[in-house]
Amino acid sequence: MAPSFSKRALALGGGGFTGYLFEIGALTALDDLFEDGVTMNDLDLYVGVSAGAAAASLLANGVRPQEILDTNLSGTRPYYFDHRNVFSPAIGEGLKTVWRVTRQLVPLLKLYVRHYGEMTFIDLLDKAQDALPSGIYTLEPFAKYLEAIFNVKGLSDRFAGLAKELYIPAIDLETGDGVLFGDEDWRDVPISRAVTASSAVPIYFCPVRIQGRDYIDAGIGRMAFFEVAVQKHVDFMIMINPMARAPQARSRHAQPAVGKPGSRLRDRGFLSIGEQASRINFDVRFSQALERFQQDYPEKEVLAISPVESDALLFERSFLSYDDRIHLLRAGYVAVMTLARDRWEDLSAQFARHRLVMSRARFEDRAGRRLARLDEVARVADPNIRQPMVGPAGIGGIGAAWRKAK
């Protein structure tokens, strides 16, 4: 039995821009699920990893998920992020690389000529790695854009200025240790900087420097969600995890369909293979951490929401992709809608234990209107698009999984 005044938290995972959009759709559906006056902004604690850090920082500041969804549907500021806000080439790194290459080129050529028969391309690359840039893009413009949003909208860029608890994990590049921005020793770091530090995916983005240290994406380290739940005495945590592993229904001997180039992951290039490897790694670590958490803390409850397995497009898109924005918002909404439809009684009882009351009539009305609007906007954007209908789903045959500590 949960205490009368249990501590409720929201945990948002990574998954790049596609994950961010999925989370906004799911959060909007959760808001629509509750009785009037209850929103996802009413929780006590927020924790966001990587792309989820941006969404968590907005919710902790009181921004409603529907407002974020609406700006993404209309393509208007300020919660609509585009390439200019996130993907800024690391020109400074490139200039440093030119200088380093120029300085090392002659010695490297001499070394290669001297050991031509022994050296491979990997050996040469290893010798030259000091001349390589630390990332393709820099997140500095994104930090400035977030700072501007907080300023224009009257939001707080300071952890101490929030009425809610907000925690943003990141990894110290040199030591490999995790840090928790927003915790007692890290409350003086601007939220906008913490978000970018947690989002700095290696190779794609340069590490983010804060107070003389370099930080990278928290999604590659330990599962900070569960550590936060323990350290901050959370009783009920709603987790949205866009990084579920893409299901593979083919048999081991099946071949890709003729005339469909790129139907196999290996045909999509090393970046797609790398992203699939990241999904597999994250999914395994997440499942193991969740199982261990439930065993060690049976009194705590977790609701984990992930994409519906049949939503192949979400798994096919690069985590940096801006394509199919509306479909990704819709995918998040449908994941929660499917969960509510198939597990209404269990879900309603769990939420009620933590002072969150669901309304079936309100949700059916809002969900119908919400999906109709999403489909209408999608048709205007692409008249040839045909959105998938949400048909009956058997329990266990969906990606949004209802999990409660026993």
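In strand 6, Gly178 is the bridge partner of Ile171. This contact belongs to a predicted model, and it offers a convenient point of entry. Strand 5 (residues 165-172) and strand 6 (residues 178-181) pair in the antiparallel sense, with four bridges between them. The two strands form a hairpin in which five residues lie between them. Within that turn, Gly176 has a positive phi of about 80 degrees.

A further group of strands builds an open sheet. Three strands take part, in the order 3-4-7, and their pairing is mixed. Strand 3 (88-89) and strand 7 (203-205) stand at the edges with a single partner strand each, so one side of each has no neighbour in the sheet. Strand 4 (residues 135-138) pairs with strand 7 in the parallel sense over two bridges. One position in this pairing can be named: Tyr137 has Phe205 of strand 7 as its bridge partner.

Attention now turns to strand 10 and its neighbours. Strand 1 (residues 8-12) runs parallel to strand 10, and five bridges link the two. In this pairing, Leu12 stands opposite Ile240 of strand 10. Strand 11 (residues 301-305) is also joined to strand 10 by five bridges, again in the parallel sense. Here Ile238 stands opposite Leu303 of strand 11.

How many of the residues of strand 10 are buried? Strand 10 (residues 236-240) is mostly covered, and five of its five residues are buried. The two faces can be considered separately, because side chains in a regular strand alternate between the two faces of the sheet. On one side of strand 10 lie Phe236, Ile238 and Ile240, and on the other lie Met237 and Met239; all are buried, and both faces are thus covered.

Strand 11 also contributes to a contact between side chains. Arg353 and Glu301 meet in a salt bridge with an N to O distance of 2.7 Å. Because Arg353 lies in helix 13 (residues 344-353) and Glu301 in strand 11, the pair ties together parts that are 52 residues apart in sequence. The two partners can be described by their accessibility: Glu301 counts as buried at 7% relative accessibility, whereas Arg353 is partly exposed, with a relative accessible area of 27%.

The structure holds 19 salt bridges. Another of them joins the side chains of Glu67 and Lys153, at 3.7 Å from N to O. Glu67 belongs to helix 3 (residues 65-74) and Lys153 to the loop between helix 7 (140-152) and strand 5, so this pair ties together parts that are 86 residues apart in sequence. Glu67 counts as partly exposed at 33% relative accessibility, and Lys153 counts as partly exposed at 37%. A further salt bridge, at 3.4 Å from N to O, connects the side chains of Arg341 and Asp342. Arg341 is partly exposed, with a relative accessible area of 37%, while Asp342 counts as buried at 18% relative accessibility. In addition, salt bridges that share partners join Asp32, Arg366 and Arg370 into one network.

Finally, the interior contains enclosed space. The structure holds two cavities of 30 Å³ or more, and the second largest has a volume of about 60 Å³. Its lining includes Val49, Ala218, Met223, Phe225, Phe282 and Arg285. The elements that give two or more residues to this lining are helix 9 (224-231) and helix 10 (270-296). By character, the lining residues divide into six nonpolar, two polar and two charged.

Key:
Residues numbered from 1 in each chain as written. Predicted model: local features only at pLDDT ≥ 70, side-chain atom pairs only at ≥ 80, totals over all residues. Heavy atoms only, no water. Buried < 20%, exposed > 50% of the residue type's maximum accessible area, 1.4 Å probe, protein only. Pairing = 2+ DSSP bridges. 1 Å grid on protein atoms, 1.4 Å probe; cavity = no way out; pocket = protein on both sides within 12 Å on 5 of 7 lines; lining within 4 Å. Points joined across faces, edges and corners; volume = space filled by probe spheres on them. Nonpolar A, V, L, I, M, F, W, Y, C, P; charged D, E, K, R; others polar. Salt bridge = Lys/Arg side-chain N within 4 Å of Asp/Glu carboxyl O.
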